[in-house]
Amino acid sequence: MSDEITPLHSFDDASLDTAFTTLADEVRTETDSLSDPEAFRLHWLGRKQGRLKLISEAWLKSAPPEAKKALGIRFNQLKQQIEAALEAPTAVATKSAVHGIDITLPGTVRSPGIPHPLLSTMHEVVSVFHHLGYSTNLGPQVESDFYNFEALNFPPNHPARDTQDTLVIANQQSRPSRDRLLMRTHTSPVQIRTMIAQAPPVRIVIPGKVHRNDAADATHSPIFHQIEGLCVDTNITFSDLKGTLDHAMKALFGSDVKTRFFPSFFPFTEPSADVQISCIFCGGKGCRKCKHSGWIELLGCGMVDPAVFAAVTAERRKINPADDAYNSEKITGFAFGMGVERIAMMLHGVSDIGHFYSGDMRFLEQFA
Ligand code: DAH
């Protein structure tokens with residue numbers, strides 16, 4: 001291959017054919033063993049020193065006007081031949097390598113996203129209740145005093161409010177106390193919202209974020225998650241509550257798990273109970289996790305207090321004065337509430353609640 005462009009002296013078709021056939025042969029010889037497509041490209045198509053550029057300068061410019069068209073056609077055919085050689089698969093593969101991309105290497109594997117462990121725990125719990133015929137409801141995180149406390153039978157200034165470490169919204173003093181806004185401290189207000197909107201039978205689970213003025217430590221966070229449950233119908237009894245929660249705990253933690261119910265207090269249930277499950281770590285023998293008691297406390301529950309039905313009825317009567325759907329002589333119900341973080345920590349053996357909020361991929365990837 002010669003880099004010199006010999007001047008063309010005659011521009012008749014035969015001379016042009018001869019000149020371009022020589023060039024086409026050169027291109028073919030080079031492309032038959034194309035080891036460096038980039039060098040080949042530069043040699044022929046380089047903007048400054050490429051052979052096509054030199055040819056066009058040497059020949060096109062000196063051609064008589066009547067020969068320019070014939071010359072141009074052959075010139076373009078040659079250019080197409082070169083470009084086609086560069087687009088051929090072997091040239092593409094090597095050309096990519098020259099540009100720093102080796103398309104023969106396996107591609108970058110993007111791992112698909114996964115639900116956050118708290119979300120998947122919520123989903124697991126909720127789906128246990130979906131299988132029992134419950135549906136899901138949600139409510140606002142900025143809530144009024146009425147829904148978060150008053151309708152749930154926490155009277156104003158009642159000491160039970162102190163146990164909730166409420167974060168209040170600023171500058172609410174001018175409002176009537178029932179309308180004052182706060183960050184909901186539990187998911188229970190959605191019980192009230194549901195009953196005001198819907199007559200019995202009610203079977204509902206309510207997952208969501210709640211807020212408390214709590215210092216963060218290994219087991220507490222000022223923002224956490226709860227799942228609330230509510231069942232209202234005719235003839236709902238405490239044994240329905242026990243059977244339902246016993247089934248749910250077995251579905252979540254395994255059929256060997258036992259439950260027991262201890263008397264407790266919540267303003268919105270009467271009687272109220274705390275539910276304990278047999279320790280899933282030691283099978284009830286006693287270990288560090290269950291503080292050697294064999295039992296772990298997991299949720300609160302109880303029969304809906306008639307005062308709650310009365311508050312709901314008062315609201316419903318603002319719309320329909322004859323409403324009697326939540327007459328506690330005719331219907332009863334049970335409710336329960338549990339912390340999602342606590343359940344997720346137990347299910348996955350997580351010892352610090354902070355891991356859930358850290359966004360540390362090394363933690364999160366373990367749930368993939
Ligand atoms: N709301 C309670 C809390 O945040 C949990 C709870 C207890 C909910 C008993 C209930 C219940 O519905 O019946 O501590």
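Pro 271 lies in strand β7, which spans residues 269-278. In this predicted model, the peptide bond that leads into Pro 271 from Glu 270 is cis, with omega near -5 degrees. A second cis peptide bond joins Pro 200 and Pro 201, and here omega is about 5 degrees. Pro 201 has its place in a loop, between α8 (189-197) and β4 (202-211).

Another backbone feature worth a look on screen is Asn 157, a residue other than glycine whose phi is positive, near 60 degrees. Asn 157 is found in the loop that runs between α7 (145-148) and β3 (181-183). As background for these three sites, most peptide bonds are trans, and most residues other than glycine have a negative phi.

Moving out to the overall layout, the domain assignment of the protein gives two entries: domain 1 covers residues 13-98, and domain 2 covers residues 117-367. The C-alpha centres of domain 1 and domain 2 lie 78 Å apart.

The ligand comes next. The space that the ligand takes is the largest pocket. Around the ligand there are 15 residues, of which His 186, Ser 188, Arg 212, Gln 226 and Glu 228 come nearest. By residue type, the shell divides into five nonpolar, eight polar and two charged residues. Three strands each supply at least two residues of this shell, namely β5 (223-233), β8 (295-304) and β9 (332-339).

Polar side chains reach the ligand at both nitrogen and oxygen atoms. A polar side-chain atom of His 186 is placed 2.9 Å from a ligand nitrogen atom. On the oxygen side, Gln 191 brings a polar side-chain atom to 3.1 Å from an oxygen atom of the ligand. Gln 226, one of the residues that come nearest to the ligand, has a polar side-chain atom 2.9 Å from a ligand oxygen atom. Taken alone, the ligand exposes 360 Å², and the protein buries 92% of that area.

Key: Residues numbered from 1 in each chain as written. Predicted model: local features only at pLDDT ≥ 70, side-chain atom pairs only at ≥ 80, totals over all residues. Heavy atoms only, no water. Near = heavy atom within 4 Å. Polar contact = N/O pair within 3.5 Å; in protein donor to acceptor, adjacent residues only side chain to side chain. Areas by Shrake-Rupley, 256 points an atom, 1.4 Å probe, with all protein chains shown as cover. 1 Å grid on protein atoms, 1.4 Å probe; cavity = no way out; pocket = protein on both sides within 12 Å on 5 of 7 lines; lining within 4 Å. Sits in = over half its atoms within 2 Å of the grid points. Helix = DSSP H or I, 4+ residues; strand = E, 2+ residues; numbered from the N terminus. Nonpolar A, V, L, I, M, F, W, Y, C, P; charged D, E, K, R; others polar. Domains from an automatic or database assignment.
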